[in-house]
Amino acid sequence: MSRGAVGVCAATWLASERTTRGASESRATNWIWTDGGKNLTADKQRHRFEQIKQAGVDAVLLSTYNAEVLSHAKEQGLQTHAWIMTLCRGDKQLLQNHADWYDVSRLGVSAATKPPYVGYYHFLCPSHEQVRDHLVRIVSGLADTPNLDGIHLDYIRYPDVILPVGLWKKYNLVQNTELPQFDFCYCEVCRNAFKKQTGEDPLKLPDPPANAAWRQYRYDSITRLVNLLAETVHAKRKMLTAAVFPTPSLAKKLVRQDWAKWDLDAVLPMTYNRFYNQPPAWIERAVREGVAALPSNRPLYAGLYLPDLRRAEFNHAVGFAMEGGAKGVSLFGGLRQIQPG
Ligand SMILES: [Zn+2]
């Protein structure tokens, strides 16, 4: 069986599982992260979106696109969302001219010059007014794009102060505590703002990770940015969604996202069970925690990491997500990557 055919099998199942649970059952909405295929011929672009639609997907999160791509996706009745790397930005121009906008670790090391974990982890500090203005300009421009229904925020967080446990081996790390080289942000702006708020310098706290006010400061800094972006996008009658860490408690602990407080139109937690050494059944528990924390009218779509799911597991994973109260699933990694068996 070709990999393509496997994709279609999985997709057919997705198409059949299209109702959500609850008092008023409605059709599920499913999402997929993909590039727009902008280098393909018009016919191939059309065919690709047609296949995506037939697979039971309703919304595309596009990493790349142009006007033609958006119009072909809309022709197939798909919702279109621009995927952006929000705070993780290695733009040359920013690194060269605004190195001071980037996060600084508890060791005083800037993510502009020495990013943690991987070379591209240049994270901007959400406490800087200039950073917020810069991002407002970007999403405001995107919100003016014809045939684009919304903007999808990814990397809307600090660098992982603790990596998902399933990744520790890969990076040869044990992170039972917040290690200083991965703990952000101790830039001048953050230190001064926290001093103004509490009278204390976060760098001089006896045990910074143990200080609840200092953790809260950083949750709030991201929340303020998200809600500002939401205001901007909503003023133009477009949607704002985000890819977030899998549960409210893990998101706070690992990357300081307090996403239940964000003014989003929908939230797409990355319930990637293998990243946490968990079986697919964990997805249901994770989704349940998220749904319980969110306002009742805020839909949650469970993110599934396809390269880690065998075909049978994929079917179960979708079932677990729906059982937990998700309004659909969001597929990352391409339908064709589902492994047979
Ligand atoms: Zn900062």
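## Contacts and overall form

In this predicted model, residues 24 or more positions apart in the sequence account for 72% of the contacts in the chain that have a separation of 6 or more. Buried residues make up 44% of the 341 residues in the chain. A compact globule with 341 residues would have a radius of gyration near 20 Å, and the chain, with a value of 20 Å, agrees with that expectation. Along its principal axes, the C-alpha trace of the chain spans about 60 × 40 × 40 Å.

In terms of secondary structure, the chain has 10 helices and eight strands.

## Confidence in the model

The pLDDT averages 92 over the chain, and 90% of the residues score at least 70. Two stretches stand apart from this picture: over residues 1–9 the pLDDT stays under 50, and the model has 12 contacts beyond four places in sequence for them, while over residues 337–341 the pLDDT also stays under 50, with 16 such contacts in the model. Where pLDDT is low, the predicted coordinates should not be read in detail.

## The sheet

The eight strands form an open sheet with parallel pairing, and their order across the sheet is β6-β5-β4-β3-β2-β1-β8-β7. The edges are taken by β6 (residues 266–269) and β7 (residues 302–305), each of which has a single partner strand, so one side of each is left without a neighbour in the sheet. Neighbouring strands of this sheet are turned against each other by 25° on average, with direction ignored.

Beginning at the β6 edge, strand β5 (residues 239–244) pairs with β6 in the parallel sense over four bridges, and within this pairing V244 stands opposite P269 in β6. On the way inward from there, β4 and β5 run parallel and are joined by four bridges, with I151 standing opposite L240 in β5.

## Strands β3 and β4

Strand β3 (residues 79–85) has five buried residues among its seven, so β3 is largely enclosed by the rest of the structure. Strand β2 (residues 59–62) pairs with β3 in the parallel sense over four bridges, and the bridge partner of V60 in β3 is T80. Between these two strands the chain passes through helix α3 (residues 67–75), and the β-α-β crossover that results from β2 to β3 is right-handed.

Strand β4 (residues 150–154) runs parallel to β3, to which five bridges join it, and W83 stands opposite H152 in β4. Strand β4 is mostly covered, as five of its five residues are buried. Its side chains are divided between two directions, with G150, H152 and D154 pointing one way and I151 and L153 the other way, and all of these residues are buried.

## The loop between β4 and α6

What kind of peptide bond joins F184 and C185? The bond between F184 and C185 is cis, with omega at about 5°, and C185 is found in the loop between β4 and α6 (residues 188–198).

Two residues of this loop deserve a closer look for their backbone angles. Y155 is found in the loop between β4 and α6, and its phi is near 50°, a positive value in a residue other than glycine. N172 lies in the loop between β4 and α6, and its phi, near 55°, is likewise a positive value in a residue other than glycine. As for their surroundings, Y155 counts as partly exposed because it has 19 C-beta neighbours inside 10 Å, whereas N172, with 6 C-beta neighbours inside 10 Å, counts as exposed.

## P280 and its surroundings

P280 lies in the loop between β6 and α9 (residues 281–293). Is P280 buried or exposed? With 23 C-beta neighbours inside 10 Å, P280 counts as buried, since the cut-off for a buried residue is 20 or more other C-beta atoms within that distance.

Leaving aside neighbours within four places in sequence, P280 is in contact with N273, E313, H316, A317 and F320. From P280 to K169 the C-alpha to C-alpha distance is 21 Å, and these two residues are 111 residues apart in sequence.

Note on methods: Residues numbered from 1 in each chain as written. Predicted model: local features only at pLDDT ≥ 70, side-chain atom pairs only at ≥ 80, totals over all residues. Buried ≥ 20, exposed ≤ 12 C-beta atoms within 10 Å, placed from the backbone. Pairing = 2+ DSSP bridges. Right-handed = clockwise from strand over helix to strand, strands pointing away. Rg over C-alpha atoms; globule rule 2.2 N^0.38 Å. Contact = placed C-beta atoms within 7 Å. Axes fitted to C-alpha atoms, helices over the stretch in contact; angles between N-to-C directions. pLDDT = per-residue confidence, 0-100.
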